[in-house]
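Here's a quick briefing for anyone opening this structure for the first time. Have a look at the model below, then come back for the guided tour.

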Amino acid sequence: MQKLMTWMTNVFAPKMNKMARNPWIAAVQESILAAMPVILIGSFATVFSIIREYVPFIPDLTMLSNFSFGLLSIFLAYLIPTTIMEKKKHRKTAKQAGMAGIALYLMFIYPTFDEAGNFIVPFSNFGTAGMLCALIAGLLVAAVMNQFAKHSFFGEDTSLPDFITVWFDTLIPITLCLLFGWIFTFVLDISIFEVITMIFTPFIAIGQSFWGFLLLNFIGYAFLYTFGISTWVIYPVTSVICLQGIGDNMAAVAAGQAPMYIHTGEAANLFLLGGGGTTLALAIMLLIAKSKKLKVIGKTTIVPSLCNINEPLVFGAPITFNPILMVPMWIMGLVGPTMTWFALKWGLVPIPAAPFNFWYLPSPIVGFLVTGSVSGVLLVLAIFAVSWIVYYPFFKVYDNQCLAEEKAEQEKKEAKA
């Protein structure tokens, strides 16, 4: 255990944190976070849909979700190249890169035109179904624009206004990006959308499997977290799987079919009680600790924990680099997803089929709103009960250890006095 701690502290954690700061990876993370308001609007529509089942006269707000969450890929096609260019210190051409990203993305999703010249494409391609296309288009445009941004047709002492120099400096790279999309889509008649989908289908399938669900959630929300590595490191990977999963579930329900994809952010909310590692039980335990230090930490972390925010607890207790508390967090990092997976797979709890990102609400409420069923609440309570059993013996050991240290410190002070 000590060798693992040393290696993770000195080798693995620094490398992972460095990777998270890579401008390309960080840009994808920030782009998805920047699009969070449209996901939240979709969540509002979900809440109103649940209320509408009991109060029929409330208007149907589905279209709010369609024109917010349902246009997620278009927003990402703009945000990804724009954010990358800003991070690469090419702010002058960032917006132009964003526009080129939208244009290339629209070519990638393989539109057709009728005799009247109408633009025809499945509406679902604008949402989560087109996320991979938006990601590839955005990264490709950013790569081309980044290379050309290093050179300019004009010197720094030019008297021309900046917007004029930007016009000419971006003409070639934007044209190259559009030519790439034009050749594949309209000359070779190749659907980049289908090619990307075919390439990534095995990856998505693995992510939607039990082992993909278990390992990605364990690694992101428990294992890496206990070493101080943010869960955002793997967010570009998990977001593609989760957002496409919930989007496909929505499409299935709209078509009168049953949702089938379990690996979604909504499903993860069912076991993230108190935050990553299911730490709500531990936060409550700290309130009854004998150690003064732990009791103070409990009082300061209980409110955030009730809202599923556990950074104060993870870094304050601490759980990070603390072998006594790391182990139960790892255990729950495996048990929580496992219980959730089988409860959804066996039909004990409905599979989430609508976006819901109000993860900061108390977990029982989330359990009901995510699943639209009381069984979701019962699952949350069952996971909480198991987490209490898992954390309690480790908590008692750590509490006794802290109490002994406090007594030793007090005796030392008294001896000096």
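Let's start in a loop: lysine 89 is found in the one between α5 and α6. Helices and strands here are DSSP runs, H or I over at least four residues for helices and E over at least two for strands, numbered from the N terminus. This is a predicted model, where local features need pLDDT of at least 70 and side-chain atom pairs count only at pLDDT 80 or more, while totals for chains, interfaces and linings use all residues. Residues are numbered from 1 along each chain as its sequence is written, and side-chain values use heavy atoms, with hydrogens and water left out.

**Unusual backbone spots**

- Lysine 89 has a positive phi, near 65°, even though the residue is something other than glycine.
- Most residues other than glycine have a negative phi, and most peptide bonds are trans.
- Lysine 89 is also exposed, at 61% relative accessible area; the cut-offs are under 20% for buried, over 50% for exposed and partly exposed in between, using a 1.4 Å probe and protein chains only.
- Phenylalanine 321 isn't a glycine either, yet its phi is positive at about 55°.
- You'll find phenylalanine 321 in the loop between α15 and α16, where its relative accessible area of 33% makes it partly exposed.
- That loop, between α15 (311-316) and α16 (323-345), also holds proline 318.
- The peptide bond running from alanine 317 to proline 318 is cis, with omega near -15°.

**A salt bridge between two helices**

- Searching the whole structure turns up 1 salt bridge, meaning a side-chain nitrogen of Lys or Arg within 4 Å of a carboxyl oxygen of Asp or Glu.
- The partners are glutamate 30 and lysine 87, whose side chains meet at 2.8 Å, N to O.
- Glutamate 30 sits in helix α2 (residues 23-34) and lysine 87 in helix α5 (residues 72-87), so the pair ties together parts 57 residues apart in sequence.
- Both ends are partly exposed: glutamate 30 has 38% relative accessibility, and lysine 87 has 29%.

**Helix α6**

- Helix α6 covers residues 94-108, which makes 15 residues.
- From first C-alpha to last, α6 reaches 21 Å, close to the 21 Å expected at 1.5 Å a residue; the expected span is 1.5 Å times one less than the number of residues.
- Plenty to spot here: the buried residues of α6 include Ala94, Gly98, Leu104, Tyr105 and Phe108.
- After α6 comes tyrosine 110, with a positive phi near 60°.

**Cysteines**

- How many disulfides are there, counting pairs of cysteine sulfur atoms within 2.5 Å? The count is 0.
- Take cysteine 177: the closest cysteine sulfur, in cysteine 133, is 15 Å from its own, too far for a bond.
- Cysteine 177 is buried, with 3% relative accessible area, whereas cysteine 307 is partly exposed at 29%.

**The whole protein**

- The secondary structure adds up to 18 helices and 2 strands.
- Measuring along the principal axes, the C-alpha trace spans about 85 × 60 × 40 Å.
- Of the 417 residues, 47% are buried.
- Contacts are heavy atoms within 4.5 Å; among those with a separation of 6 or more, 76% join residues 24 or more positions apart.
- About 20200 Å² is exposed, with carbon and sulfur atoms supplying 70% of that; areas come from the Shrake-Rupley method with a 1.4 Å probe, and for residues only the protein chains shown count as cover.

Notes. A disulfide is a pair of cysteine sulfur atoms within 2.5 Å.
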